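Biologist: I've got a structure open and plenty of terms I'd like explained. Could you go through them with me?

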2 protein chains.
Amino acid sequence: MLRRHLINAFALTSALLTLPAIAAEQGKPTPTAKELLAKSTAAEWRTPDPENLIYMQLPQGRVVIELAPDFTPLHAANIRALVRGHYFDKLAIIRVQDNFVTQWGDPNDDESGDKSKIRPLGKAHKTLPPEYTRAIDAKLPWTPLPDGDMYAPEVGFSEGFPAARDPATGREWLTHCYGAVGVARDVDPQTGSGSSLYAVIGQAPRRLDRNLAVAGRVLEGMPLLSGLPRGAEPMGFYTKPAQRVTIESVRLAADIPAKDRPALEVLRTDSPTFAALVDAKRNGHNAFYTLPAGKIDLCSIDIPVREPQPAATTSH
Amino acid sequence: MLRRHLINAFALTSALLTLPAIAAEQGKPTPTAKELLAKSTAAEWRTPDPENLIYMQLPQGRVVIELAPDFTPLHAANIRALVRGHYFDKLAIIRVQDNFVTQWGDPNDDESGDKSKIRPLGKAHKTLPPEYTRAIDAKLPWTPLPDGDMYAPEVGFSEGFPAARDPATGREWLTHCYGAVGVARDVDPQTGSGSSLYAVIGQAPRRLDRNLAVAGRVLEGMPLLSGLPRGAEPMGFYTKPAQRVTIESVRLAADIPAKDRPALEVLRTDSPTFAALVDAKRNGHNAFYTLPAGKIDLCSIDIPVREPQPAATTSH
């Protein structure tokens, strides 16, 4: 028995909705994501602004985070200031709570920490306005999803990020999907400086939306954050300091010479290929998955990332 | 700053909907889950049938799985036969795919395996009818959720399991929520014997519902399955056999003398305390989370498990 066939959901790819010509051939298996991506054009991929791209080096590898300054501009600026001051170097992953979040920051900036050893924030601000939502900007691209959402009037993608909006209030916000990077804070909403961040590693905790600022998302390296032993203390804190993963360094792409910069490209969420991938996941079927879901929820959609292709860039 | 305050979502607990007397006090912080559970009665907890309770011993600890024989009776029987034949002992966790599943079984029963070393299934069947859905049984308790669902006409809890149903077809099925244990198979729907199982470790892949049989769910020990290094090969398979976690043993609770059996209790999903917890997660607010979601999705609801209390049982 070929157990490998089991359940590679991302291989579920077709374009039945966007490509009516294919809809006539519903008996045919849906093209795979790999097949759809192979047909993408160079213009459908974007290179994130190096001012928004952060490399977090862990002992096991690299985590790449893209900031979302159009949603959380003050937090993006503050996180850049922290990174440029090498604030995160030799700090640690301080908690991993199963089916919830992995959080990193200063272990001393905590109830059990040594307050006298708290690392100063350098040129960064200690407090910031919350930035939980922003005004809807009609000039920015918005790619809505067709199946609705339990938690918000509309969901879709804005500038490459899973997002929600409420036309009645005119507000828009980033959602707590898998891989979202949020800003930890104390009870006071102003205390989220970006000096401690968390990434969602489980079922999307959408009830956090609009209660915490989402500063960006992980583009690469999620397994390095999600595949860690869970902390045994309440909320996933580690019992012993030695159990924490030490962060080797955190750098901004813009501060690395372009030729040394590990580059990557992200599929545009307003591209035809992305639309085809979404429809494939909604309606895909093949010999293994015979029953298409017919629906897709916001946080079940992957946003493809790749290394730059030779034709698209000369930096690699 | 008390970073511990960050985001303990499970502490979000109130009973604004079910207890109108409390609704009048909306300014007060919502009681925590711990506070609500402390008020639960012994009758609100159930002890799973030892014929349905499986202990999987891994080097790092124990995973406890509850089978769902009312949904997948033939698979439950076959898994019991496999366990009683010690089929799983010294087999392995063969793949961990990020944001998807952890799967275990016979490493040789795979494309890259040594077919000559495939372990025989003993008294268990090699093939079974799929059991993806069952007829709705009006005699069994059904606890519906109030906020709808994207993938099914109705969702809720049946006998302690997250489930969905379609009154139009009269069918009901277990959903692929975090911790769901599914039956791996080959392309042929009859090839899912239960000799290879998977647990959901990420955003609920609801598009798998009704395409694969869900045989039960993990009651305890999810971190031992979710906190593993992800495999580097496609679909999360490990590159080297040495990277696999070896399963020490798998036993049925019924085969262990009651006095030696690690017992546990599960909160009944048709109990008032469970309803209060669900409402708390829907509408909870406190000094940290000031904006209640007002909604809850099926796969975001935790089902509490505890060690038996002295007053409730004498087995511990």
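Modeller: Sure, here are some questions and answers on domains, helices, sheets and the contact between chains. Keep in mind that this is a predicted model.

Biologist: Into which domains is chain A divided?

Modeller: Domain 1 of chain A takes 3–47 + 265–306, and domain 2 takes 53–257. Over C-alpha atoms, the centres of domain 1 of chain A and domain 2 of chain A are 28 Å apart. Their contact uses 10 residues from domain 1 of chain A and 15 residues from domain 2 of chain A. The side of domain 1 of chain A that touches domain 2 of chain A has 6 nonpolar, 1 polar and 3 charged residues.

Biologist: How do you know that the span of helix H3 of chain A agrees with its 12 residues?

Modeller: Helix H3 of chain A covers residues 73–84, and at 1.5 Å a residue it should span 16 Å. The end C-alpha atoms of this helix are 16 Å apart, so the two agree.

Biologist: Which residues of H3(A) are called buried, and what makes them so?

Modeller: The cut-off is 20 or more other C-beta atoms within 10 Å of a residue's own. In H3(A), A:His75, A:Ala76, A:Asn78, A:Ile79, A:Arg80, A:Leu82 and A:Val83 meet it, so they are called buried. Among the elements that cover them are strand S2 (53–58), strand S3 (61–67) and strand S11 (180–183) of chain A. Just after H3(A) comes A:His86, with a positive phi near 55°.

Biologist: Why is H5(B) described as largely enclosed by the rest of the structure?

Modeller: Count its residues: 10 of the 12 in H5(B) are buried, so the description fits. Among them are B:Phe274, B:Leu277, B:Val278 and B:Arg282. The buried residues of H5(B) pack against helix H2 (33–38) and strand S16 (265–267) of chain B.

Biologist: Why are S1(A) and S17(A) called edge strands?

Modeller: Three names to follow here: the open sheet in chain A has the order S1-S16-S17, with antiparallel pairing. Strand S1 (45–46) and strand S17 (305–306) of chain A each pair on one side only, and they are the edge strands.

Biologist: What makes S1(A) and S16(A) a pair?

Modeller: Two strands pair if there are at least two bridges between them. S1(A) and strand S16 (residues 265–267) of chain A have 2 bridges in the antiparallel sense, so they count as a pair. In S16(A), A:Val266 is the bridge partner of A:Arg46.

Biologist: And how do you know that S16(B) and S17(B) pair?

Modeller: Over in chain B, S16(B) and S17(B) are joined by 2 antiparallel bridges, so they reach the cut-off of at least two. In S17(B), the bridge partner of B:Val266 is B:Val305.

Biologist: Why are the two copies said to be related as by a two-fold rotation axis?

Modeller: Superposing chain B on chain A takes a rotation of 180° with 0.0 Å of shift along its axis, at RMSD 0.0 Å. The two copies are therefore related as by a two-fold rotation axis. The same surface serves both copies, as 100% of the contact residues of chain B recur in chain A.

Biologist: How many residues does each chain give to the contact?

Modeller: Chain B gives 59 residues and chain A gives 59 residues. On the side of chain B that touches chain A, strand S5 (101–105) and helix H4 (222–226) of chain B are the elements that give two or more residues. By class, that side of chain B has 29 nonpolar, 15 polar and 15 charged residues.

Notes:
Residues numbered from 1 in each chain as written. Chains lettered and ligands numbered in written order. Predicted model: local features only at pLDDT ≥ 70, side-chain atom pairs only at ≥ 80, totals over all residues. Domains from an automatic or database assignment. Contact = placed C-beta atoms within 7 Å. Nonpolar A, V, L, I, M, F, W, Y, C, P; charged D, E, K, R; others polar. Helix = DSSP H or I, 4+ residues; strand = E, 2+ residues; numbered from the N terminus. Expected span 1.5 Å × (residues − 1). Least-squares fit on C-alpha atoms with pLDDT ≥ 70 in both.
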